[in-house]
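Trainee: I have a structure open and would like to learn how to read its features. Could you walk me through some of them?

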Amino acid sequence: MTSTYLPDKRAGRDAGPPAPAAHRDRGRARRRTLNWLTATAFQLPALVLFMGLVLLPMLFALYAAFFRWGGFGMPSDYVGGENFSRLFQDDVFLGDLWRCLVLVVLSLALQLPFALAMAVLLNQRMRGRAVYRMLFFAPYVLSEAITGVLFGMIFAPDDGFADQVLGRIGLDGLGGEWFADPSTVMATLFLVMTWKYFGFHMMLYLAGLQAVPRELTEAALIDGAGPWQRFRNVTLPLLAPTLRISVFLSVIGAIQLFDLVWVTTAGGPDHHSETMAVTLFQYGFKRYQVGYASAISVVMFAISLVFALAYQRFVLRRDLEGATTTMRGDGK
């Protein structure tokens, strides 16, 4: 039986025979290929920059870590794992690990709670709230070099601003060689770090606090909950995702801390404020032991990577699963 087609009266013209399935499949394949080529063309510059400035230097650092190399020419004096074994026998590097742990603990125990307290305070209705937010966030906008030079003058021994203020109020006995004394250099450095970075975490917490539904806190107030109960049982659980991100950024920042330390103390006195990044810079660009410095960079990367993966696996898992579930529920 021969097939015929009827004219499409609604369109007012012949619709023609339906397109074959193979023709439609070729059209879809052509569109997919075009979309892939378009996406690749837009991503290619970023991929080239990432490979040239991040991936290849990382691979070359891993390669150079197995050589005794001064940084000139290509590495040729292969020493195997000697640089890594030397690393964990180096008192300076072991001290770097300890100082990194101290900075992490101090940041989690003092800096972040202080930032959270200021965020809660500035989330209340008060006069000049926007001005206070701007003033507390302003130090984060300054570069680390400017911050280091500024506090180098503030904490200069004898004639620094800090010693002069303490002398004016009769507390000159508390002053001293802030950055030059091994017993006070880490505390002074942490004070500068707190001044520099707490405003960033404060703004993160403010953003999280403003996302807390006001209806929940009002309902808790109606139920008779006090300020601390409302904060502990309502605000803090809803702020937990922001807190987890803040902790992650704080720990990674402490592991990779360099520029602020380099400008203020350069790791002194006698390595008492040195960090892993400062030790890397000293060996790589001052002593021209680039192979050993590459081993330090590999260990820094490994510590950061292990922490990031473990933190994502055990701490951020709930947040990531919630985001994935939300996306699937929206049909996106």
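Mentor: Happily! Let's begin with burial: a residue counts as buried when its relative accessible area is under 20%, as exposed when over 50%, and as partly exposed in between. Keep in mind that this is a predicted model.

Trainee: Let me try that on one residue. Is Gln282 buried or exposed?

Mentor: Gln282 has 17% relative accessibility, so it counts as buried. The residue belongs to helix 11, which spans residues 276-286. Setting aside neighbours within four places in sequence, Gln282 has contacts with Trp262, Ala266 and Arg287.

Trainee: How should I think about the nonpolar residues?

Mentor: In soluble globular proteins, nonpolar side chains tend to be buried together. Here the largest nonpolar core has 39 residues, and Leu103, Phe155, Leu257 and Ile296 are the ones that touch the most other members.

Trainee: Which residues is Leu257 in contact with, leaving aside its neighbours within four places in sequence?

Mentor: Leu257 is in contact with Leu103, Met193, Tyr197, Thr275 and Ala277. Another core, of 13 residues, lies apart from the largest one; Ala119, Leu122, Leu206 and Leu239 are among its members.

Trainee: Next, the aromatic rings. How many aromatic pairs does the structure hold?

Mentor: There are 25 aromatic pairs. Take Phe155 and Phe179: their centres are 5.8 Å apart with 90 degrees between the planes, an edge-to-face pair. This pair links distant parts of the chain, 24 residues apart. Phe155 sits in the loop between helix 5 (144-154) and helix 6 (161-168), while Phe179 sits in the loop between helix 6 and helix 7 (185-210). Both Phe155 and Phe179 are buried.

Trainee: And why is the pair of Trp228 and Phe231 called tilted?

Mentor: Look at the angle: planes under 30 degrees apart count as stacked, over 60 as edge-to-face, and the rest as tilted. The planes of Trp228 and Phe231 are at 35 degrees, with ring centres 5.9 Å apart, so the pair is tilted. Both residues lie in helix 9 (residues 227-255), three residues apart, which is about one turn of the helix. Their surroundings are worth checking too: Trp228 is exposed at 57% relative accessibility, whereas Phe231 is buried at 16%.

Trainee: Can rings gather in groups, or meet charges?

Mentor: You can find each case here. Phe60, Tyr63, Phe67, Trp69 and Tyr78 make up one aromatic cluster. As for charges, the charged end of Arg86 sits over the ring of Tyr292, 3.8 Å from its centre. Arg313 lies over the face of Phe314, at 5.4 Å from the ring centre.

Trainee: How do I read the sides of a helix?

Mentor: An α-helix has 3.6 residues a turn, so residues three or four places apart point the same way. Try helix 6, where the buried residues are Ala162, Asp163 and Leu166. They cover an arc of only 95 degrees around the axis, and therefore lie on the same side of helix 6. Phe161 and Arg168, on the other side of helix 6, are exposed. Helix 5 is included in what covers the buried residues. After helix 6 comes Gly170, with a positive phi near 80 degrees.

Trainee: Last topic: salt bridges. What is the idea?

Mentor: Side chains of opposite charge can pair when their charged atoms come close. This structure has four salt bridges. One of them joins Arg68 and Asp77, at 3.0 Å from N to O. Arg68 is partly exposed at 46% relative accessibility, and Asp77 is partly exposed at 34%. Arg68, Asp77 and Glu82 are linked in a salt-bridge network.

Trainee: Where do Asp96 and Arg99 lie?

Mentor: They are in helix 3 (residues 91-122), three residues apart, or about one helical turn. Their side chains meet in a salt bridge of 2.7 Å, N to O. Asp96 is buried at 1% relative accessibility, and Arg99 is buried at 12%.

Trainee: What about Glu144 and Lys196?

Mentor: Their side chains form a salt bridge at 3.8 Å, N to O. Glu144 is in helix 5 and Lys196 in helix 7, so the pair ties together parts 52 residues apart in sequence. Both Glu144 and Lys196 are buried.

Terms used
Residues are numbered from 1 along each chain as its sequence is written. This is a predicted model: local features need pLDDT of at least 70, side-chain atom pairs count only at pLDDT 80 or more; totals for chains, interfaces and linings use all residues. Side-chain values use heavy atoms; hydrogens and water are left out. Rings of Phe, Tyr and Trp (its six-membered ring) pair if their centres lie within 6.5 Å; planes under 30 degrees apart count as stacked, over 60 as edge-to-face and the rest as tilted. Helices (H or I, at least four residues) and strands (E, at least two) are DSSP runs, numbered from the N terminus. Buried means under 20% relative accessible area, exposed over 50%, partly exposed in between (1.4 Å probe, protein chains only). A charge sits over a ring if NZ of Lys or CZ of Arg is within 6 Å of the ring centre and within 35 degrees of the ring normal. A nonpolar core is a set of buried Ala, Val, Leu, Ile, Met, Phe, Trp, Tyr and Cys residues joined through side-chain atoms within 4.5 Å. Contact means heavy atoms within 4.5 Å. The arc is that of the directions from the helix axis to the C-beta atoms.
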